[in-house]
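Biologist: Please take a close look at a single part of this model and describe how it is paired and covered.

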Amino acid sequence: MSELNTRREFLRNLGLGMAALPFITNLPCLASEQKQRKQRLVIIFSPDGVVPGTFWPDEEGENFTLKESLKPLEPYKKNTLLLHGVCDLIRGDGDNHMRGIGCLLTGIELFPGNIQGGSDTPAGWASGISIDQEIKNALQAKPATKTRFGSLEFGVMVPERADTWTRMCYAGPNKPVAPIDNPYQMFSRLYGREKDRESLKSVLDDLREDLNRIRQSVGTEDRRILEEHTALVREMELELKTNLSKNAVHPVPVIEPGVRRDNDNIPQISKLQIDLMVSSFMADFARVATLQYTNSVGQARMRWLGISEGQHDLSHEPDSNADAQNKLTRINHWYCSQIAYLVKRLSETPEPGGNGTLFDNTLIVWTNELGQGNSHTLDNIPFVLVGNAPNFKMGRSLKLKRVPHNRLLMSLAHSFGHHITRFGNPDFCGAGPLQLG
Amino acid sequence: MHKLPASPLLPALTALLLTIAAGVSVIAFQTQKPHPGERIYRQQCASCHGAKGEGAKAYPKPLTGTQSVEQLADFISKNMPPGPKKCSVPDSKQVAAYIHAAFYSPIAQARNKPPRIELSRLTTRQYCNAVADLIGSFRPAPAQDERRGLRGEYFRSRTFRNNEKQIERIDPAVDFDFGREAPAKEGFDPRLFSIRWEGSVLVPETGEYEFVLRTQQAAALWLNDMRKPLIDAWVKSGNDTEFRGSLFLLGGRAYPLRLEFSKAKQGVDDSNQTKNQPVAPASISLLWKPPHRVVEPIPQRSLIPSRGPEVYVVSTPFPADDRSMGYERGTSVSRAWDEATTEAALAAGDYITEKLPELAGVSENASDRRQKLRSFCRLFVERAFRRPLTDDLEKIYVSRPFDTAPDLDTAVKRVVLLTLKSPRFLYRELESGKPDAYTTASRLSFALWDSLPDRELLQAAAEGQLSTYEQVRKQAERMGSDPRTWFKLREFLLQWLKVDLYPDLVKNPKSYPGFDEAAASDLRTSLELSLQESVWSERSDYRELMLSKKVYLNGRLAKIYGVNLPPDAGFQPVLLNAEDRAGVLTHPYILSSFAYLDASSPIHRGVLVSRSFLGRVIQPPPVAVAPVAPDLQPNLTTRQRVEMQTKPPACMSCHALINPLGFPLERFDAIGKLRTQEKGKPIDSSGSYLARNGKTVSFSNAVDLGRFLSESDEAHAAFIEKLFQYTTKQPIRAYGPSTITKLQQDFRANQFNIRKILQEMVAVSASGS
């Protein structure tokens with residue numbers, strides 16, 4: 001239905017006054033734009049934990065060295081904040097993979113259910129909203145920060161089954177949000193209406209020509225209705241012309257066609273999705289985005305790195321298996337390089353109608369359902385923050401003392417001016433948001 | 001019982017009907033004195049201006065214009081007639097008033113114009129059906145299956161492995177409580193089994209359907225779209241045991257359905273470790289909430305055990321069609337309509353390009369993809385336009401989009417967009433002059449199905465098999481037995497009975513205990529079952545529709561209407577008050593609809609009989625009148641109250657007709673239940689009707705009224721005219737002045753068979769010019 005709604009909107013917006021609105025609000029001369037900087041949040045998920053020894057810096061503070069897994073972030077080190085010691089303390093039903101992803105952004109227990117994990121009790125969906133949706137709702141509630149979509153949920157090779165292991169975002173209790181892992185589907189969601197306008201414009205001439213021809217052939221009494229019809233077509237043609245010329249502000253991106261949904265195409269799909277995310281920010285379609293690589297227990301086979309084993313199988317290997325640990329490090333290095341690519345794209349793209357680049361107004365949070373794969377620990381969940389946001393002092397490596405991740409989720413909301421006093425399970429929100437400024 | 005003399009009266013009767021249909025006078029059946037201005041006009045003006053202002057030798061220009069009555073009167077008194085002696089001021093006023101209303105004004109001109117077949121766009125109903133059938137024509141035809149229920153397969157595993165299948169059968173409905181048991185005594189472990197139901201769901205009417213699954217276990221429902229579940233409750237989470245999903249569906253069609261159920265944990269299989277744990281309960285029900293109804297298990301009559309192809313449903317909202325003539329018609333266009341056609345065409349384009357491998361039979365990377373898609377598009381345009389494509393049109397509608405679009409998918413999308421926006425698709429009767437075979441084919445299919453011609457019909461047109469009336473009649477007969485014809489007939493009957501817009505059937509719960517929302521919903525079902533039995537049977541006898549004493553009741557309704565049936569009994573025909581019931585007019589749903597919260601309404605019932613059954617035209621009341629509240633006159637019966645209130649002569653001009661047609665139904669209360677007295681007084685159910693031939697017919701009760709309606713030529717003519725106009729969406733007089741008379745004779749000759757007369761009138765309209 002949502003596709004339809006946007007199309008309906010599009011048609012209604014064909015009218016001149018309405019059509020101009022989304023463009024006008026994005027112009028720098030408008031007061032609202034000056035009062036409040038645009039602010040964006042991107043949350044990126046990769047699965048199966050990390051290799052702590054090659055991930056976390058040894059040092060604490062502003063002087064630290066990025067280890068092998070995080071090397072791709074070297075150029076953006078000044079804008080990177082590494083948070084060691086943030087723990088997912090949520091317990092209850094479900095195994096650690098399930099709670100790992102299901103409680104990661106919700107900070108609250110799973111409902112009891114019928115999904116049986118490799119251990120523990122069976123569980124269902126998370127029992128609360130996730131932080132990305134919470135912030136999106138807060139932004140959508142205010143005219144100054146409201147955007148066409150509010151949030152966009154991207155995915156890369158997310159399995160085609162809906163269960164606790166494949167969903168990270170929740171619109172509310174028992175309301176998982178499915179990521180879109182097909183870039184072409186995402187493209188038509190974002191730009192379908194622009195393509196439709198082009199198609200419409202291309203056929204109207206022919207339509208009018210045929211209408212004229214038919215009008216000549218019917219009796220005089222029947223001409224009236226066809227004349228009225230022709231006038232309507234002409235009206236639409238005029239409006240489209242005006243509309244398309246305004247459209248030049250945000251041209252529809254051209255994307256590589258024909259990339260199939262396949263394990264070996266993960267690098268291309270990832271790039272397409274990141275490019276689309278950047279385009280959507282340029283057009284200010286959304287201020288919140290998530291990007292989910294595969295799923296909890298993800299089994300990507302990174303053959304493009306020369307690794308033929310599935311990631312989850314590798315993650316179970318003991319620390320003593322140096323080959324496996326090396327491969328896992330390279331796998332995380334690859335995910336990190338995707339973050340770096342996103343940062344690069346954002347920092348090369350000027351903020352439309354504002355100063356600086358998109359990167360100046362974006363905070364990226366890269367995370368994972370586990371601290372480490374072979375122990376399935378929910379302690380020291382990787383939280384790698386890159387970018388710029390109020391209340392976050394970047395360029396540091398912090399070693400925190402087993403703080404519940406709920407507090408970090410609250411910090412994200414506070415950074416957007418959404419001052420919630422608790423999020424998820426209140427028992428883990430006691431000391432309030434983490435102070436990271 | 002009075003009988004109307006039949007044939008000698010016919011011409012006069014027809015003439016009357018014609019006048020009424022043209023709307024010259026809303027009370028044409030009453031004897032009227034000629035307008036005083038008419039006498040003056042005839043004496044002093046007609047010799048120069050013609051009897052109807054059409055002009056004469058002395059002054060050949062027709063008397064038409066846009067001056068007001070007063071302006072005209074002023075002009076006449078000063079200028080007419082030529083010569084020294086002018087028309088007096090009062091006379092001028094009379095003449096002006098007369099000619100203005102009779103032929104001078106644009107309104108009078110429009111009224112006097114002979115009716116003709118008007119160029120019309122598709123109505124919304126026709127548009128939705130046409131798009132569904134156009135896309136559906138590239139899919140296998142839905143299987144004809146008379147069986148009802150769903151095919152159920154029962155497995156002794158948590159998923160559906162064929163070697164674990166233990167039972168395969170047709171279940172009448174999905175409404176099972178297994179408790180802690182297995183589906184059968186043997187072959188199953190009650191801890192772990194799964195069931196898959198497949199088939200189709202037959203949807204009675206267009207609208208939003210809510211589907212409901214109730215289960216404590218894992219279940220998922222696919223409806224129409226077999227790839228994406230409408231309800232996905234495979235992950236059980238928390239305490240919810242009820243899951244809902246809504247879908248907009250077109251009535252009269254069957255949609256594929258699959259329901260999967262699993263009593264087992266999902267995810268990692270740990271069944272080996274849980275063998276000795278206590279057995280949990282299991283149940284599953286599949287329910288729905290059709291538009292304006294309550295939630296109920298999907299009944300067996302709406303389930304088919306075989307699965308047909310997906311149906312494309314236009315979900316774009318369209319502005320409502322003009323119903324001012326009593327039937328939907330497409331004689332005007334508006335911006336909202338134009339926008340809706342664009343939106344709907346774009347949506348269809350998206351759908352088609354997404355399904356190209358299935359619809360066009362061409363894979364993503366076929367080497368001849370371009371060529372195959374072009375032929376697909378050519379066929380698409382041809383079927384949309386209902387006639388062979390000329391080279392000229394092929395150039396515009398196929399070649400140009402293929403030559404200019406950046407890629408093939410966009411080309412297909414543009415063909416679809418242009419085709420569905422084209423007047424050749426959107427309009428009917430674009431060809432002037434005598435209809436050719438393809439116009440005849442379209443007229444047939446739109447009249448019977450509100451949709452495009454099917455393959456057989458187009459083939460008949462191509463082979464010249466639609467050139468004689470007999471050939472056309474034969475096609476009408478073939479198409480007339482298709483379920484789509486019943487669907488259209490059903491829609492006609494409901495709007496003829498004025499219940500297509502769903503009156504809000506609420507009754508005072510104190511006076512009518514048990515008559516709740518569910519009972520109202522059941523009563524509606526009962527009406528539709530009765531209509532189907534009377535009209536969609538072989539006999540399809542109009543007289544049975546007017547006289548049947550059978551009413552469909554289930555357990556809930558039986559209790560309310562005092563019939564002895566088990567509380568959980570399904571719908572069955574019951575002889576209900578055989579002495580007093582007479583056909584559809586006495587169906588409790590109709591009687592309840594034309595009644596108040598607490599009281600019957602002879603006026604509403606009388607208006608229904610006058611307008612729908614006898615084709616009389618009644619003006620709205622001259623002044624707004626609030627009905628007298630029953631508690632203000634606690635001692636009066638409903639009849640006495642109505643008589644008292646409508647006594648003034650201004651009221652009686654219409655109520656003299658209305659009231660005595662409503663009074664015979666007074667033996668039925670506000671829910672259509674039989675009563676013998678009201679407020680301690682016996683019911684007076686006598687009534688009468690002053691027929692168009694000037695004779696008065698009297699009735700002592702509903703059965704007399706039903707018998708009169710079943711035999712009256714007036715009623716037959718009204719029924720035929722309304723059915724004709726509803727099916728063709730054109731005025732019946734546009735097909736020649738004798739059409740209605742001829743159809744009336746055919747109706748009588750064929751034992752008043754409604755299906756046959758429908759086929760006949762459709763054939764007449766399809767071959768007429």
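Modeller: Two strands pair if DSSP finds at least two bridges between them, and strands (E, at least two residues) are DSSP runs, as helices (H or I, at least four) are, numbered from the N terminus. This is a predicted model, in which local features need pLDDT of at least 70, side-chain atom pairs count only at pLDDT 80 or more, and totals for chains, interfaces and linings use all residues. Residues are numbered from 1 along each chain as its sequence is written, while chains are lettered from A and ligands numbered from 1 in the order in which they are written.

The part chosen is strand 3 of chain A, residues 110-116. Its partner in chain A is strand 4 (residues 123-126), joined to strand 3 in the antiparallel sense by three bridges. Within this pairing, A:Ile115 has A:Ala123 of strand 4 as its bridge partner. The two strands of chain A form a hairpin, with six residues between them. In the turn, A:Asp120 has a positive phi of about 60 degrees.

Strand 3 of chain A also pairs with chain B: two bridges join it to strand 11 of chain B (residues 266-267), and these two strands run parallel. Here A:Gln116 has B:Gly267 as its bridge partner.

As for cover, six of the seven residues of strand 3 of chain A are buried, so by the definition (20 or more other C-beta atoms within 10 Å of a residue's own, against 12 or fewer for exposed and in between for partly exposed, with C-beta atoms placed from the backbone) the strand is mostly covered.
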